[in-house]
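Trainee: I have a structure open and would like to walk through it with you. Could we start with one residue and work outwards?
Mentor: Gladly, let us look at it together.

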Amino acid sequence: MKFKVDKSICVGCGACIGVCPNRAIKIENDGKSSIDQKKCKQCGECQKVCPMNAIKEIKKA
Ligand code: SF4
Ligand code: SF4
């Protein structure tokens with residue numbers, strides 16, 4: 001399972017950044033957040049707090 005920000009939905013509010021225990025999320029130059037997959041521990045906290053439901057679970061085969 002991977003967590004990924006859908007940039008077409010994200011409004012750049014930053015709520016996800018504050019709850020990530022691994023500091024895996026940052027706002028990119030486009031004003032949208034993105035998740036560093038190397039730092040993400042798949043805890044799902046960011047997904048719970050996103051008011052836009054912009055963080056999606058990607059199931060890897
Ligand atoms: S799933 Fe957890 S570790 Fe990964 S980006 Fe979201 S809050 Fe951070
Ligand atoms: S909480 Fe959701 S809308 Fe806000 S910056 Fe994170 S992904 Fe984007």
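Mentor: Let us begin with N53, which counts as partly exposed because its relative accessible area is 45%, and a residue is called partly exposed when the value lies between 20% and 50%. Please keep in mind that this is a predicted model.

Trainee: Okay, and where does N53 sit in the chain?
Mentor: N53 is in the loop that joins α2 to β4, the strand that covers 55–58.

Trainee: What is phi like at N53?
Mentor: The phi of N53 is near 55°, which is a positive value in a residue that is not glycine. That deserves a remark, because most residues other than glycine have a negative phi.

Trainee: And what about Q42, what is its phi?
Mentor: Q42 has a positive phi of about 60°, and Q42 is not a glycine either. You will find Q42 in the loop between β3, at 33–35, and α2, at 45–49, and with a relative accessible area of 37%, Q42 is partly exposed.

Trainee: Next to it is K41. Is K41 buried or exposed?
Mentor: K41 is exposed, since its relative accessible area is 54%, and the cut-off for being exposed is over 50%. K41 lies in the loop between β3 and α2, and a polar atom of its side chain is 3.4 Å from the backbone oxygen of K39.

Trainee: How far is K41 from F3?
Mentor: Along the chain K41 and F3 are 38 residues apart, while their C-alpha atoms are separated by 9.3 Å.

Trainee: Let me step back for a moment. How many helices and strands are there in the protein chain?
Mentor: The protein chain has 2 helices and 4 strands, and if you read along the sequence they come in the pattern β-α-β-β-α-β.

Trainee: Why would one say that its radius of gyration agrees with a compact globule?
Mentor: A compact globule with 61 residues would have a radius of gyration near 10 Å, and the protein chain has 10 Å, so the two agree. As for the outline, the C-alpha atoms fill a box of roughly 30 × 20 × 20 Å along the principal axes.

Trainee: What share of the residues counts as buried?
Mentor: Of the 61 residues in the protein chain, 26% count as buried. The accessible surface comes to about 4100 Å², and carbon and sulfur atoms account for 51% of that surface.

Trainee: And how much of the contact comes from residues 24 or more positions apart?
Mentor: If we take the contacts with a separation of 6 or more, residues 24 or more positions apart account for 57% of them.

Trainee: Changing topic, how many positive and negative charges are there?
Mentor: The protein chain has 13 positive and 6 negative charges, and the mean positions of these two groups are 4 Å apart.

Trainee: Can we look at one of the lysines, say K7? What does its side chain make a polar contact with?
Mentor: The side chain of K7 makes a polar contact with the side chain of D30, at 3.0 Å. K7 is in the loop between β1, which covers 2–5, and α1, which covers 15–19, and K7 counts as partly exposed because its relative accessibility is 32%.

Trainee: Which other residues is K7 in contact with?
Mentor: Setting aside neighbours within four places in sequence, K7 is in contact with E28, D30, K32, S33 and S34.

Trainee: Two serines come up there. Is S33 buried or exposed?
Mentor: S33 counts as buried, because its relative accessibility is 2%, and the limit for buried is under 20%. S33 lies in strand β3, and beyond its neighbours within four places in sequence its contacts include V5, C10, C16 and I27.

Trainee: And S34, where is that, and what does it touch?
Mentor: S34 is also placed in strand β3, and at 15% relative accessibility it counts as buried. The side chain of S34 makes a polar contact with the side chain of E28, at 2.5 Å, and, not counting residues up to four places away in sequence, S34 touches V5, K7, A24, I25, K26 and E28.

Trainee: Last one, G14: where does it lie?
Mentor: G14 lies in the loop between β1 and α1, and with a relative accessible area of 24% G14 is partly exposed.

How values were computed:
Residues numbered from 1 in each chain as written. Chains lettered and ligands numbered in written order. Predicted model: local features only at pLDDT ≥ 70, side-chain atom pairs only at ≥ 80, totals over all residues. Heavy atoms only, no water. Rg over C-alpha atoms; globule rule 2.2 N^0.38 Å. Buried < 20%, exposed > 50% of the residue type's maximum accessible area, 1.4 Å probe, protein only. Contact = heavy atoms within 4.5 Å. Areas by Shrake-Rupley, 256 points an atom, 1.4 Å probe, with all protein chains shown as cover. Lys, Arg positive; Asp, Glu negative; His and termini not counted. Charge placed at Lys NZ, Arg CZ, Asp CG, Glu CD. Polar contact = N/O pair within 3.5 Å; in protein donor to acceptor, adjacent residues only side chain to side chain.
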